[in-house]
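Colleague: I have a few minutes before the group meeting. Can we go through this one together?

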Amino acid sequence: MLDRALFELPKIKRILVALAVFAFFESLSILGLAWSLSSAVTNLWLGHHLMDQLIWILLLFASFMGIQAIRFLRDYMLDRYAFSCTDSLRQSLMHTIFSLGLEVVQRHGTGNTTTLLLEGIEQVETYLRLVLSKIVRLVVIPLVLLIAVFILDWISGIIMLIIFPFIILYMKLLGQMAGERAAHQHKEFQVLSNHFVDSLRGIDTLKFFGLSREFGKSIYAASERFRIATIKTLRIAILSSSVLDLFATLSVAAVAIMLGFRLLDESIVLFPALTVLILAPEYFKTIREFASDFHASLDGKNALGSIQKLIASYETSVSGPDEPGQSSATLPSWSQQTELAVDKLSLAFDEYEAVNNVSFAISGAQKVGVIGMSGAGKSTLIHLLGGFSTAAEGSIYVDGTVLTSANRASWQQQLAYLPQDPYVFHATLRENITFYYPEATDEEVAQAVAIVGLEDLVKDLSMGLDTKVGEGARSLSGGQAQRVALARICLDKKRSILLFDEPTAHLDIETELELKQRMLPLMQGKLVFFATHRLHWMHDMDHILVMDEGKIVGSGSFEELLTSNNSFASLVSQLGGGAS
């Protein structure tokens, strides 16, 4: 139940010491409760007056209140510590996800990453609240109570001492089996999460090809595997908890029977026997509580391990082997003198070479077109340039400094990215437009709306810019979403690098040409990479990279490529000429 991952948490030693102190005073309060109750009952049995037992009754009440106060303070401290730890974990996990970007999703899956961020953090918080207190109480309280029992009656102490290790051994054996089952269940849940999210994303495509019913069988099979793994885990959990309860009950019964026989033959008097009888259930109670919460905390334990492993993967990538120019944690700001050099960049998915040995150099403010047929590697190259994916081989240099996980944030703060399907948040239209630049004034927002042509949309909305849009609210068309994304770029003038990944691929030609007239002025004075398979954009590019099967097969201006590059001439023919 207590794993090494817990010792990597901040201030964990201080918390364990505090919990040990709480457990020690709780055990003293339990002793006070047992002593006062046994004294009062024994005195009454001997015929003393009830009023003479007032001091023992007050001690009993004080001990009881002391136990409640200690548990309240302990739980309050644990709640605050668990919340602060999980909040720190959440921040680290968010930082890792945003730093590594698509690399995390590709490696761990969208569903699993989302589940860890939402449910996993809550499971870790529950785990910390349960495990830290229980493990410390399991060590401290039985030890103090056992010493007291040995002082009162050494025979009962020996019985309790002999039984305790056997129960611990049984718990260890069951814990290993339950841990394996829970780990298997956790893996099946990760598979199901990824499968479910991927299915939702591709449901339109599956319906279009008539495969939605067939794919439903795959989801059913994954959910069945998770159900079976859950049932097997619950079976062990229920069985082990029941057996441990039985062992603890029989242990208390063994102590009680021995005390009963010894009371009959007068080898022990009432007071120590009654005190031991009250302490015995408290002695074994910590084991029962530990066992009952063990299975409830396994999900949190697995989630904590997965989160720490994911965060460690980022830290490893940051502090990996040194490369030339890797020491700087901040990349230089882009200017007319800055050079971007790509050296032998390669990235493969399974056995498919998305980008293969790509090299080029660009400096200053230029509009660079990246053109090729679908599957040529344009989007992958844009992702690599933006730091959203990590290349398997090769490097990207900015003025001689290599782009790594350590300085990726400083690079991404300089760029704006416009994908094929821009994301519209469930928020007001104003909040969506000012996403990059929240401090924008009303005049700046109105100017951006006018530049990208959103005036008609704003007029049609009941509350104008303050109307909720996105999922669960007012939906936007593809063209409107593109204009919102353009307005974001228009507002944030600090970003000097623009990455466009086929932003007009799903638009009709009339909407695209209208947007083109509004997009071109936004590109002035910036470094722009524009990936597309629409040829008419290339007439407005300063430099063109022609891609085919992950490689750059041509580089130059439109006129140079058209006259001297067969691959580009063939591409022009396939795309239908200069107006395609």
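Strands, salt bridges and a surface patch

Modeller: Fine. Keep in mind that this is a predicted model. Let's start with the strands: S3 (residues 367-371) and S11 are joined by four bridges.

Colleague: Parallel or antiparallel, S3 and S11?

Modeller: They run parallel. Within that pairing, isoleucine 371 stands opposite valine 546 of S11.

Colleague: And what does S11 do with S12, how many bridges there?

Modeller: Five bridges join S11 to strand S12 (residues 551-556), and those two run antiparallel. Valine 546 turns up again here, opposite glycine 554 in S12. So valine 546 has isoleucine 371 across from it in one pairing and glycine 554 in the other.

Colleague: How many residues sit between the strands in that hairpin?

Modeller: Two residues lie between S11 and S12, and glutamate 549 in this hairpin has a positive phi near 55°.

Colleague: Is S11 itself buried or exposed?

Modeller: Five of the six residues of S11 (residues 543-548) are buried, so the strand is largely enclosed by the rest of the structure.

Colleague: Switching to salt bridges. What is the count?

Modeller: The count is 16 salt bridges. Some of them form a network that links Glu26, Arg71, Arg74, Asp75 and Arg137.

Colleague: Pick one pair from that network. What is the N to O distance between arginine 74 and aspartate 75?

Modeller: The distance is 3.4 Å, N to O. Arginine 74 is buried, at 9% relative accessible area, whereas aspartate 75 is partly exposed at 37%.

Colleague: Those two are neighbours. Which parts of the chain does the pair of aspartate 153 and arginine 262 link?

Modeller: Aspartate 153 and arginine 262 form a salt bridge in which the closest N and O atoms are 2.5 Å apart. The pair links distant parts of the chain, 109 residues apart: aspartate 153 is in the loop between helix H4 (110-152) and helix H5 (154-201), and arginine 262 is in helix H7 (residues 212-264).

Colleague: Buried or exposed, that aspartate 153?

Modeller: Aspartate 153 is buried, with 5% relative accessibility. Arginine 262 is buried as well, at 11%.

Colleague: What about arginine 483, which residue does its side chain meet?

Modeller: Glutamate 514, in a salt bridge of 3.4 Å, N to O. Arginine 483 belongs to helix H14 (residues 478-491) and glutamate 514 to helix H15 (residues 509-519), so the pair ties together parts 31 residues apart in sequence. Arginine 483 is buried at 9% relative accessible area, while glutamate 514 is partly exposed at 37%.

Colleague: How many disulfides does the search find?

Modeller: Zero, over the whole structure. As for individual cysteines, cysteine 85 is buried with a relative accessible area of 3%, and cysteine 490 is buried with 8%.

Colleague: What does the side chain of threonine 42 reach?

Modeller: The backbone oxygen of serine 38, at 2.6 Å. Threonine 42 is in helix H1 (residues 12-45) and is buried, at 10% relative accessible area.

Colleague: Last topic, the surface. Which residues make the nonpolar patch?

Modeller: Leu44, Leu50, Met51, Leu54, Ile57 and Leu58 make it, and the patch covers about 560 Å².

Colleague: Which helix gives the most to the patch?

Modeller: Helix H2 (residues 54-100), with three residues. Leucine 54 is found in H2 and counts as partly exposed, at 42% relative accessibility.

Conventions
Residues numbered from 1 in each chain as written. Predicted model: local features only at pLDDT ≥ 70, side-chain atom pairs only at ≥ 80, totals over all residues. Heavy atoms only, no water. Patch = residues over 30% accessible without salt bridge, like charges linked within 9 Å, V, L, I, M, F, W, Y side chains within 5 Å. Areas by Shrake-Rupley, 256 points an atom, 1.4 Å probe, with all protein chains shown as cover. Salt bridge = Lys/Arg side-chain N within 4 Å of Asp/Glu carboxyl O. Buried < 20%, exposed > 50% of the residue type's maximum accessible area, 1.4 Å probe, protein only. Pairing = 2+ DSSP bridges. Disulfide = S-S within 2.5 Å. Polar contact = N/O pair within 3.5 Å; in protein donor to acceptor, adjacent residues only side chain to side chain.
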